[in-house]
Amino acid sequence: MNLIKPPVLTEVVENDLCVGCGACVQACPSKALGINWSDYGFLVATTTDNACDGVGACIEVCPFNPEPGPEYKNEDGLAAVFLSEAPNHHPKMGRYHAIYVGYSNKHRDTSSSGGIATFVYEKLFDKGLINHVVTVGESKSTDAHYQYNIVSSKDELPSISKTRYHPVTLAAALETIKQLEGRVAISGIGCFIKAVRLAQDKNPVLKEKIVFTVGIICGGLKSKFFTDYLASSAGAALHDFSKPEYRVKDPASTASDYGFSCTDNPSNTTKLIKMREVGDMWGSGLFKANACDFCDDVTTELADISLGDAWLPPYNQDGKGHNVVVSRSLIAEQILQAGLENGELELESLLQERFLASQQGSFNHRHDGMSTRIDMAKRTGAVIPPKRVDKHSLPLYLKAVQIARRCTRAHSLEVWEEYRNARDFNRHMKQELLKLKLITRFSHAVRKAKILIGAKA
């Protein structure tokens, strides 16, 4: 892989912090950057044949810039610019108007969860506020299943209504937006929305054209190895499958009892596997990007509206799906209130504490465990961007969990890169996953014991 200039952006790539968002590509005046696949199945910034002019415009829009300017040192600085009218604030979830749980009566059945993202896009079209939606849909490329596409009619919205756990880039889309007639809504996970906000701040055309952002609450960016592993586990031909679907709901079961499906092209049949059969793919960190271990934005704080799964009783018992919803801009709040009043949305107000509980696992890992991971990285000489977490030392049993997760994450990518099939992967990961499981169980036991005796966990 070619190294890139200026040196600070090189540090992002060399330290495995690039998420392939592509904001740097559109910002580069000399067109010296592109996005390509890494050996471990991630999209990352690389050089083109053009000479770098060295002005540093690329690093200014990078969400993992290790040396950001003082005004945008973190998400709080950007939120003060783009979400200044939001009346509420919480250090774990950013600025907001209100918090809800619910679903769209029209779009729930055809969506991964509650269908509220599709509902919001539809209303933005109806109000004449947007002319296009930029979000992830099927790819025509031979080396990717999905990509960012531009939808210019609400009739096309059903084609973009599902969650895709596959690497994508905004590089081409952001360049296209500059040329589009009309205004745009765009969706993305936390680091991508941060990149969009940084790009808007530096480019007045993007600031004018991108008028609404939908944030997807993210549990971690996955390598394309994740999709290959699930397809192989489901029994599809590894190098000849298509149409992966990551959230096949079971309305008769619970929200977490979803499956993965894809088309096995040689037999032209659909292969499906329940996610419970492949084990914990999120808490273990399998196939996860290294950068995700150094992201403290759990709730996609910079979006106009943030959407996630309602991993809370009683909502998690409903296999049809519920969204947790955080409205952060006035237009988002108005759309939700109108949908509630006319019966298009089923929404309940959600207490702040309940919302935080719905993402508790992510807060535990990404906030409480961050200092330990930063210390681990810095001991190896790694460069880490500034984070908004308290610097405190975890007890040894919790540090052990962080170390084990880091090892499991890295090992999963190495093993898949070598073997490329689910059977061998499972065999070679068995010991690593067992070690992580035992360490995690021990830490849970210690924490419960401390709570029982009234000690601080």
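The exercises below, each with a worked solution, explore a predicted model.

**Exercise 1. Decide how many residues of helix H8 are buried, and find what they pack against.**

Helix H8 covers residues 224–234, and nine of its eleven residues are buried, so that the helix is mostly covered. These buried residues are Phe225, Phe226, Thr227, Asp228, Tyr229, Leu230, Ala231, Ser232 and Ala234. Turning to their surroundings, the buried residues of H8 pack against strand E10 (241–248), strand E11 (259–264) and E12, and also against H13 and H14.

**Exercise 2. Classify the aromatic pair of Phe226 and Trp282, and state where each partner lies and whether it is buried or partly exposed.**

Begin with the geometry: the rings of Phe226 and Trp282 are 5.8 Å apart, centre to centre, with 65° between the planes. Because planes over 60 degrees apart count as edge-to-face, the pair of Phe226 and Trp282 is edge-to-face. Next comes the location, where Phe226 belongs to helix H8 while Trp282 lies in the loop between strand E12 (269–274) and strand E13 (305–309), so that the pair links distant parts of the chain, 56 residues apart. Last comes accessibility: Phe226 has a relative accessibility of 1% and therefore counts as buried, whereas Trp282, at 24%, counts as partly exposed.

**Exercise 3. Explain why the pair of Tyr229 and Phe425 counts as tilted, and place its two residues in the chain.**

The ring centres of Tyr229 and Phe425 are 5.0 Å apart and their planes stand at 55°, so this pair is tilted. Tyr229 is in helix H8 and Phe425 is in helix H14 (residues 422–452), which makes this a link between distant parts of the chain, 196 residues apart. Both Tyr229 and Phe425 are buried. The wider setting is one aromatic cluster, formed by Tyr146, Tyr165, Phe226, Tyr229, Tyr246, Phe260, Trp282, Phe287, Trp416 and Phe425. A charge can also be placed here, since Lys222 lies over the face of Phe226, at 5.2 Å from the ring centre.

**Exercise 4. Describe how helices H12 and H13 cross, and which residues of the two helices meet.**

The axes of helix H12 (residues 370–379) and helix H13 (residues 396–419) come within 10 Å and cross at roughly 60°; H12 and H13 are therefore oblique to each other. The crossing in which H12 passes H13 is right-handed. On the H12 side the meeting residues are Thr372, Arg373 and Met376, and on the H13 side they are Lys399, Gln402, Ile403 and Arg406.

**Exercise 5. Explain why H12 is largely enclosed, and name helices that cover its buried residues.**

Seven of the ten residues of H12 are buried, so the helix is largely enclosed by the rest of the structure. The buried residues are Met370, Ser371, Thr372, Arg373, Ile374, Met376 and Ala377, and what covers them includes helix H11 (360–368) and H13. After H12 comes Gly381, whose phi is positive, near 90°.

**Exercise 6. Locate Cys218, decide whether it is buried or exposed, and list what it touches.**

Cys218 is found in the loop between strand E9 (210–216) and H8. Its relative accessible area is 17%, so Cys218 is buried. Once residues up to four places away in sequence are set aside, Cys218 touches Ile189, Val298, Ser362 and Arg366. A further residue to consider is Gly190, which is 28 residues from Cys218 in sequence and 7.0 Å from it in space, C-alpha to C-alpha.

Terms used:
Residues numbered from 1 in each chain as written. Predicted model: local features only at pLDDT ≥ 70, side-chain atom pairs only at ≥ 80, totals over all residues. Heavy atoms only, no water. Phe/Tyr/Trp six-rings, centres within 6.5 Å; stacked < 30°, edge-to-face > 60°. Helix = DSSP H or I, 4+ residues; strand = E, 2+ residues; numbered from the N terminus. Buried < 20%, exposed > 50% of the residue type's maximum accessible area, 1.4 Å probe, protein only. Lys NZ or Arg CZ within 6 Å of the ring centre and 35° of its normal. Axes fitted to C-alpha atoms, helices over the stretch in contact; angles between N-to-C directions. Parallel < 35°, antiparallel > 145°, perpendicular 65-115°, else oblique. Left-handed = near helix turned anticlockwise from the far one by under 90°. Contact = heavy atoms within 4.5 Å.
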